[in-house]
Amino acid sequence: MKTIFKLTVSTVIAVLVLISCDGEFDSLVNSQKESNPVPPPVEGTSGSADFTNYVAIGNSLTAGFMDAALYDLGQQNSLPVMLNNQFALSGGSETFNQPDINSPNGFNTAVANPANGMVLGRFKLDTSIPGPSPVLNGDPIGPFTGSVTDLNNFGIPGARVSTLLDPNAAVPETPAFSPFYARMASNPGTSTILSDAISANPTFFSLWIGNNDVLGYALSGGSNPVALTTTASFQQDFGVVLQTLLTQTNAKGVVANIPPILAIPYFRAVAYNVLEFDAETAAQLNAGFAGFNQALDGLAQTPLFTQEEADKRRV
């Protein structure tokens with residue numbers, strides 16, 4: 001009997017404590033409502049734009065490419081998805097279709113080598129290095145099985161301005177080939193990224209292209225002129241892309257600029273003047289590199305190198 005009484009008393013006390021805590025919580029919330037009001041629903045206006053069918057055209061920055069791979073989470077958080085979420089508040093569609101890659105880890109384009117059976121996924125942070133390391137369970141780039149005309153995102157990783165106009169972008173073993181476009185091209189060898197985007201009948205478009213026209217050249221340390229699109233070619237191709245969008249659709253759009261390439265973290269991790277040494281040490285280093293410079297001069301006398309190329313590499 002005493003046991004039952006003790007249990008009853010304990011239960012009553014616990015209930016009172018919980019009620020008291022709930023009351024304190026409610027009181028705390030109510031006391032803070034005035035200084036932390038619930039924001040009203042966001043309302044927007046589209047002005048003269050029509051966001052009914054927003055189509056994004058670009059490269060990896062548009063596709064949602066992250067961690068050296070195109071994978072599910074990256075696509076779900078792509079820039080066009082974020083923009084479309086805002087457009088939906090101003091009369092736009094809440095639906096934004098992307099060429100789903102259907103892979104949690106994607107295909108790491110930086111380190112994977114499928115020819116040798118090495119298919120690795122996105123980079124992850126490895127604190128034991130410390131630094132990035134690829135996940136082991138990546139997936140090959142598979143075909144897109146949906147309808148291209150229903151797509152809204154035409155971001156193709158690795159695309160240059162000229163790639164948007166090149167039907168060979170879906171043709172293997174050609175210089176313009178992109179497996180990311182080949183998987184979704186409406187008519188490989190005939191269609192282009194731009195023509196497929198136009199076939200989606202956009203009412204509004206975003207065009208962010210040109211990063212890869214200079215990035216590869218910068219990554220090579222300026223040693224590979226082929227990786228740099230000439231100013232004349234860039235202006236011509238970009239003009240054709242924009243003019244085609246404006247004449248073959250009734251869509252309005254926005255064009256994004258390319259940020260300064262050398263300002264990205266890749267080029268800022270180690271400063272060029274991070275090492276400091278005295279004149280004696282500098283003299284020793286110069287003496288040590290003398291043989292290397294002589295070898296360069298020797299190569300400049302062969303068909304392998306020009307004198308200009310040798311001078312660029314001189315230490």
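## Cavities

In this predicted model, the largest cavity has a volume of about 60 Å³. Its lining is made up of Ala63, Leu70, Gln75, Gln98, Pro99, Asn153, Gly155, Ile156, Pro157, Phe180, Arg183 and Met184. Across the whole structure, the search finds 2 cavities of 30 Å³ or more.

## Largest pocket

The largest pocket has a volume of about 1,000 Å³. It is lined by 29 residues, and those closest to its centre are Ser60, Phe65, Gly158, Asn212 and Leu215. Helix 2, helix 5 (179–182) and helix 7 (212–219) are the elements that give two or more residues to this lining. Helix 7 provides the largest share, 3 residues.

## Strand 5 and its neighbours

Strand 5 covers residues 204–208, and 5 of its 5 residues are buried, so the strand is largely enclosed by the rest of the structure. In a regular strand, side chains alternate between the two faces of the sheet. Here Phe204, Ser206 and Trp208 point one way, while Phe205 and Leu207 point the other way. Residues of both sets are buried, each having a relative accessible area under 20%.

Two strands pair with strand 5 in the parallel sense: strand 1 (residues 54–58) does so over 5 bridges, and strand 6 (residues 252–255) over 4 bridges. Ser206 takes part in both pairings. It is the bridge partner of Ala56, and its own bridge partner in strand 6 is Val254.

## Helix 4

Helix 4 spans residues 79–87, and its residues Pro80, Val81, Asn84 and Phe87 are buried. Viewed down the helix axis, the buried residues fall within an arc of 120°, so they line one face of helix 4.

The cover over these buried residues includes two strands already described, strand 1 and strand 5. It also includes helix 2 (60–63), helix 3 (72–76) and strand 4 (153–155). Helix 2 thus appears in two settings: it is part of the cover of helix 4, and it gives two or more residues to the lining of the largest pocket.

## Salt bridges

Side chains of opposite charge can pair when their charged atoms come close. The model has 2 salt bridges. In one of them, Asp297 pairs with Arg314, with 2.5 Å between the closest N and O atoms. Asp297 belongs to helix 9 (residues 279–299), whereas Arg314 lies in the segment after helix 10 (307–313), so this salt bridge ties together parts that are 17 residues apart in sequence.

Asp311 also forms a salt bridge with Arg314, with an N to O distance of 3.4 Å. Shared partners join Asp297, Asp311 and Arg314 into one network. Arg314 is the residue that appears in both pairs.

Each member of the network is partly exposed. The relative accessibility of Asp297 is 30%, that of Arg314 is 35%, and that of Asp311 is 41%. These values lie between the limits of 20% for buried and 50% for exposed, so the three residues count as partly exposed. By contrast, Ser206 in strand 5 is buried, as is Asn84 in helix 4.

Methods:
Residues numbered from 1 in each chain as written. Predicted model: local features only at pLDDT ≥ 70, side-chain atom pairs only at ≥ 80, totals over all residues. Heavy atoms only, no water. Salt bridge = Lys/Arg side-chain N within 4 Å of Asp/Glu carboxyl O. Buried < 20%, exposed > 50% of the residue type's maximum accessible area, 1.4 Å probe, protein only. Pairing = 2+ DSSP bridges. Arc of directions from axis to C-beta. Contact = heavy atoms within 4.5 Å. 1 Å grid on protein atoms, 1.4 Å probe; cavity = no way out; pocket = protein on both sides within 12 Å on 5 of 7 lines; lining within 4 Å. Points joined across faces, edges and corners; volume = space filled by probe spheres on them.
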